[in-house]
Amino acid sequence: MNYCIEVAGLAYQFSDNTPVLKDIQLRVPQGAIYGFLGPNGAGKTTTLRLITGLLRMQKGTVQILGRSFREHRLEILRQTGSLIESPAIYEHLSAAENLLVLQRIYQCPKSNIMEVLQTVGLAAVSNKKAGQFSLGMKQRLALAMAMLHHPKLLILDEPTNGLDPNGIIEMRDLLKKINREQGISILISSHLLPEIERLATHLGIISKGRMVFEGSLEQLSGLRQQVRGYLLDTTDNAAALELLAAQEIPVVTDTGRIQVPALPVAAIAELNSQLVQQGIGVYGIQPVKNDLETIFMDLIQA
Ligand SMILES: Nc1ncnc2c1ncn2[C@@H]1O[C@H](COP(=O)(O)OP(=O)(O)OP(=O)(O)O)[C@@H](O)[C@H]1O
């Protein structure tokens, strides 16, 4: 598989000497929308700042679009668009004028300006001052700015932060469209699993400065299929709990029902017959499967 970003052994600490990143491995397949997920303070922004050269690397290697970032920094940045921290939008300039400033820096064709405004759905308001834009429109302008020079790769740090539900959906659809129609690979960070689940093809989860999962969405869903335990419905829960305690089987009862761990199916069948032999009717045995939220919480709390 070809990767547009390959990070290995990335470690970082700020001046207070507390390690913030520890041995980060991250591989973004070409053409992917890679969701970089983790709770607040996990190290997402620091990782993205290192990958885009906003922070100086201390340890590890970063390859972008097949080249070492250390050795080919400028060449890589010319092919990469990023949106990290608040974008530098001039509020007193129109959307088109904001892009014109960048067009002069990038020395790219002027026709790119209307083209990206079209892509992000701001062509009709290209002459409106950015200061009069809603937050969602500003984020779309920021995305247009990141895309102006036709990058092959976009690196976006929580681009939906602060947007209302409609703005979030718009941004998600836009990113999918850009990825599908222009073949641009996207690395996007978020602390919201449902958002990433609806958008990403691949996923990396970071917690306390370490990667705790990396793989496709299917692989994560595979974990969802695993059985966490079984719910037992009985005619006499008190007697059933006594029998389980005698066998030292841990139970959870916080839903008002008895949940036993994911024992082998033969052990569950044996438990069922013992309960019945004790005169306790068992009218339900239901496997409890992981949901994505539980998997996520398990991974980040491990
Ligand atoms: N300039 C800095 N100096 C010292 N510590 C910092 C600095 N920037 C970030 N940190 C610390 O590094 C850790 C990781 O922060 P980072 O911003 O990378 O996390 P994050 O996953 O992006 O979180 P969030 O979702 O809240 O943005 C945090 O403990 C943070 O306090």
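Helices are runs of at least four residues assigned by DSSP and numbered from the N terminus. The structure shown in these close-up views is a predicted model.

**View 1. The shell of residues around the ligand.** The ligand is surrounded by F14, V20, G38, N40, G41, A42, G43, K44, T45, T46 and H191. Helix α1, which spans residues 44-51, is the element that gives the most to this shell, contributing 3 residues. By chemical class, the shell comprises 3 nonpolar, 7 polar and 1 charged residues.

**View 2. The open sheet of four strands and helix α1.** In this view, 4 strands form an open sheet with antiparallel pairing, and their order is β2-β1-β4-β5. Strands β2 (19-29) and β5 (67-68) are the edge strands, since each pairs on one side only. Helix α1 packs on the sheet and touches β1, β2 and β4 (59-64). The direction of α1 makes about 115 degrees with that of β1. Strand β1, residues 3-13, is joined to β2 by 7 bridges in the antiparallel sense. Within this pair of strands, E6 is placed opposite R27 of β2.

**View 3. The open sheet of three strands with helices α9 and α10.** Here 3 strands form an open sheet in the order β12-β11-β13, and the pairing is again antiparallel. The edge positions are taken by β12 (258-261) and β13 (282-289), each of which pairs on one side only. From one strand to the next, the twist averages 30 degrees. Strand β11, residues 227-234, runs antiparallel to β13 and is joined to that strand by 7 bridges. Opposite D233 stands G284 in β13. Two helices pack on this sheet. Helix α9 (residues 237-246) touches β11 and β12, and its direction makes about 20 degrees with that of β12. Helix α10 (residues 265-277) touches β11 and β13, and its direction makes about 155 degrees with that of β13.

**View 4. The enclosed strand β8 and its parallel partners.** Strand β8 covers residues 185-190, and 6 of its 6 residues are buried, so the strand is largely enclosed by the rest of the structure. A residue counts as buried if 20 or more other C-beta atoms lie within 10 Å of its own. Both faces of β8 are covered: S185, L187 and S189 are buried on one side, and I186, I188 and S190 are buried on the other. Strand β3 (residues 33-37) pairs with β8 in the parallel sense over 5 bridges. In that pairing, I33 stands opposite I186. Strand β7 (residues 153-157) also pairs with β8 in the parallel sense over 5 bridges. The bridge partner of L153 in β8 is S185. Between β7 and β8 the chain passes through helix α6 (residues 165-182), and this β-α-β crossover is right-handed.

**View 5. The surroundings of R198 in helix α7.** Residue R198 belongs to helix α7, which covers residues 193-199. With 15 other C-beta atoms within 10 Å, R198 is partly exposed. This class applies because the count falls between the limit for exposed residues, 12 or fewer, and the limit for buried residues, 20 or more. R198 and A267 are separated by 69 residues in sequence and by 38 Å in space, C-alpha to C-alpha.

Conventions. Residues are numbered from 1 along each chain as its sequence is written. This is a predicted model: local features need pLDDT of at least 70, side-chain atom pairs count only at pLDDT 80 or more; totals for chains, interfaces and linings use all residues. A residue is near a molecule or strand if its C-beta atom, placed from the backbone, lies within 6 Å of it. Ala, Val, Leu, Ile, Met, Phe, Trp, Tyr, Cys and Pro count as nonpolar, Asp, Glu, Lys and Arg as charged, and the others, Gly among them, as polar. Two strands pair if DSSP finds at least two bridges between them. Two residues are in contact if their C-beta atoms, placed from the backbone, lie within 7 Å. Axes are lines fitted to C-alpha atoms, for helices over the stretch in contact, and angles run from 0 to 180 degrees between N-to-C directions. A crossover is right-handed if, with the strands pointing away from the viewer, the path from the first strand over the helix to the second runs clockwise.
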